[in-house]
Amino acid sequence: HCLKKVATAIDKKGGDYVLQVKNNQGKLSNEIKAYFHKERRDNKELISSHSFSITNDGHGRIEQRTYVQLPVSSWIEQREGWANLRSVIEVTRVRYLNGKHSSETTYYISSLGVNLPLIAKTIRSHWAIENSSHWVLDMTFKEDESRIRRGDAPENMATFRRFAMNLARLSPIKDSVKGKLKQAAWSDDVRQQIIFG
């Protein structure tokens, strides 16, 4: 969803956005990485005063997340065209599990000014939703096992799966998403109730 038209639509409705910058925005991503590198080299005080770390443990693992949020600078040329772009965020996640550790760094853009607790909460909430959705899509729809690979088919099927998952979640029938879909396969009445409410 890291697209200029998405940011513009959110801004027009008076909302704020925090969008993860992925490979579809390669130039922007590279500039943001370079900007954080430059500021670490030239302005360590700014980095330390704009950093926030959280450590969580549970299920046999420890995870430390470090958030760094900086105001957008004119140094980032790719900022042009992004509605109300005010800050860039770097999130580094380090996980320790069974004596091994792994780390990943992701980057975000936001219409929010520097507010680390709010940014941390927003990004963490997004991941909780994303993780729960991914789990349902993988366990119920076997999305990771899908052999659909050509053209627009993978994206189209992902849309259908999410649509079906959301319909099942919204249905008042008392059962899991998987149970509701199974009932819908067996019964025309249940299928109609899930689709049409």
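In this predicted model, five strands form an open sheet, arranged in the order E1-E5-E4-E3-E2 with antiparallel pairing. At its edges lie E1 and E2, the latter spanning residues 51-58, and each of these pairs on one side only. Between neighbouring strands of the sheet the average turn is 25 degrees, with direction ignored. As a reminder for those new to such folds, strands of a sheet pair through backbone hydrogen bonds, either parallel or antiparallel.

Within the sheet, a good place to look is the pairing of E3 with E4 (residues 87-97), which is antiparallel and runs over 11 bridges. One position to find by eye is Gln64, whose bridge partner in E4 is Val94.

Turning to the interior, the largest nonpolar core comprises 19 residues, and those with the most contacts inside it are Ile32, Phe36, Leu70, Trp82, Val88 and Ile109. Two or more residues each come from strand E1 (18-21), helix H2 (26-42), helix H3 (44-49), strand E3 (61-71) and strand E5 (100-110). Of these contributors, H2 gives the most, with four residues.

Trp82 makes a helpful landmark for the eye. Setting aside neighbours within four places in sequence, Trp82 is in contact with Cys2, Leu3, Lys4, Ala7, Tyr17, Leu19, Gln25, Leu28 and Ile109. Ile109 is also, like Trp82, listed among the core residues with the most contacts. Apart from this core lies another, made up of nine residues, including Tyr108, Leu112, Ile119 and Ala120.

Methods
Residues numbered from 1 in each chain as written. Predicted model: local features only at pLDDT ≥ 70, side-chain atom pairs only at ≥ 80, totals over all residues. Heavy atoms only, no water. Core = buried A, V, L, I, M, F, W, Y, C linked by side-chain atoms within 4.5 Å. Buried < 20%, exposed > 50% of the residue type's maximum accessible area, 1.4 Å probe, protein only. Contact = heavy atoms within 4.5 Å. Pairing = 2+ DSSP bridges. Axes fitted to C-alpha atoms, helices over the stretch in contact; angles between N-to-C directions.
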